[in-house]
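Grab a coffee and work through these short exercises with the model open. Try each task before you read its solution.

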Amino acid sequence: MLFKSFIAYAAADAFGAFYEFNGVPAVVPNQLKAKPNWPFGGISDDTALTILTLISLAENSPEAAASKFLELLRMNVEKLRGLGPTTRAALGLEVKAKEVESVGATNGGLMRTCLVAMAFNKKDERDTWVRALISVTHKSEIAIQSALELGDIVHSRELNLVELKKSDFPEGIPNTSGETLIAVKALLSKSKNLEEVIRSACLLGGDTDTTAAVSSAVYSFWHPESDELFTLPWLGDVNWSELENAPEALSALYRRARK
């Protein structure tokens, strides 16, 4: 279940990278498309940062895990593509003037801890670990609460029908936490299969790789018996060689889930 969620997350991230902040598409074909100045099938910082976050779960406490993540982030910063403003700010890197206001409230925390939340059945324990791992970069309570709510949704598997029209976000889903959570809830409440989750996320426009990755991971967690992930015709086009630290990340995730 965790393995499939991880693979779905990375695959949807790679698929959605082409559409990220590239307008609102009218059509999304069921194929992975090449993005200019981007390796074909390459993952974004979403998967790369998630892997670093999962590796930190090997630490003995939430506080130690948060420190480990920040250490890993600094060690790997030159390898990461497409870092968001909050993560850049946490590293002391330049942030675009138009993005300064969003620092701290972006969806990077929710994105990084989506798979983390799956490892903890007990809410108190889950909230403690998620909060620690988010707040090391994202100080906004909006960012933290959005991630905690996502964790609750993951385990309760309860979701009312959430309506979301393109007119609600005419320029696409922004990279802010609250709006991303709304999009994820809408995708999960209406999509009938994994392919629909991924393509519908891209049809929304905006931060497509994040909405697609998070929604796909949760969908796969909810449908462990389904093999539809492995029937996606473009799955083999994902550049899986970029996930060199995936075994270490998955090992830490599984060990944490068994405790």
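**Exercise 1: a residue at the surface**

Phe230 has a relative accessible area of 43%, so it is partly exposed. Keep in mind that this is a predicted model.

Task: find where Phe230 sits in the chain and which nonpolar surface patch it belongs to.

Solution. Start with the chain: Phe230 is in the loop that runs between helix H10 (208–222) and helix H11 (246–258). Next, look at the surface, where Phe230 joins Phe3 and Tyr254 in a nonpolar patch. Together, these three have about 270 Å² of accessible area.

**Exercise 2: buried or exposed?**

Task: decide whether Leu115 is buried or exposed, then list what it touches beyond four places in sequence.

Solution. First, place it: Leu115 is part of helix H5 (residues 108–118). Now the call: buried means under 20% relative accessible area. Leu115 comes in at 0%, so it is buried. Then the contacts: setting aside residues up to four places away, Leu115 touches Ser5, Phe6, Tyr9, Thr50, Leu54, Ala217 and Leu253. For a sense of distance, the C-alpha atoms of Leu115 and Ala26 are 30 Å apart, with their positions 89 residues apart along the chain.

**Exercise 3: the core**

Task: which residues of the largest nonpolar core touch the most other members?

Solution. This core has 86 residues, and the ones to pick are Phe6, Leu57, Met118 and Leu150. Helix H1 (residues 2–16) is the top contributor to this core, giving 10 residues. Now zoom in on Leu57: apart from neighbours within four places in sequence, its contacts include Val116, Phe120, Trp129 and Leu133. Ala252, Leu253 and Arg256 are also in contact with Leu57.

Conventions: Residues are numbered from 1 along each chain as its sequence is written. This is a predicted model: local features need pLDDT of at least 70, side-chain atom pairs count only at pLDDT 80 or more; totals for chains, interfaces and linings use all residues. Side-chain values use heavy atoms; hydrogens and water are left out. Patches are made of residues with over 30% relative accessible area and no salt bridge: like charges are joined within 9 Å, nonpolar side chains (Val, Leu, Ile, Met, Phe, Trp, Tyr) within 5 Å. Accessible areas come from the Shrake-Rupley method with a 1.4 Å probe; for residues, only the protein chains shown count as cover. A salt bridge is a side-chain nitrogen of Lys or Arg within 4 Å of a carboxyl oxygen of Asp or Glu. Helices (H or I, at least four residues) and strands (E, at least two) are DSSP runs, numbered from the N terminus. Buried means under 20% relative accessible area, exposed over 50%, partly exposed in between (1.4 Å probe, protein chains only). Contact means heavy atoms within 4.5 Å. A nonpolar core is a set of buried Ala, Val, Leu, Ile, Met, Phe, Trp, Tyr and Cys residues joined through side-chain atoms within 4.5 Å.
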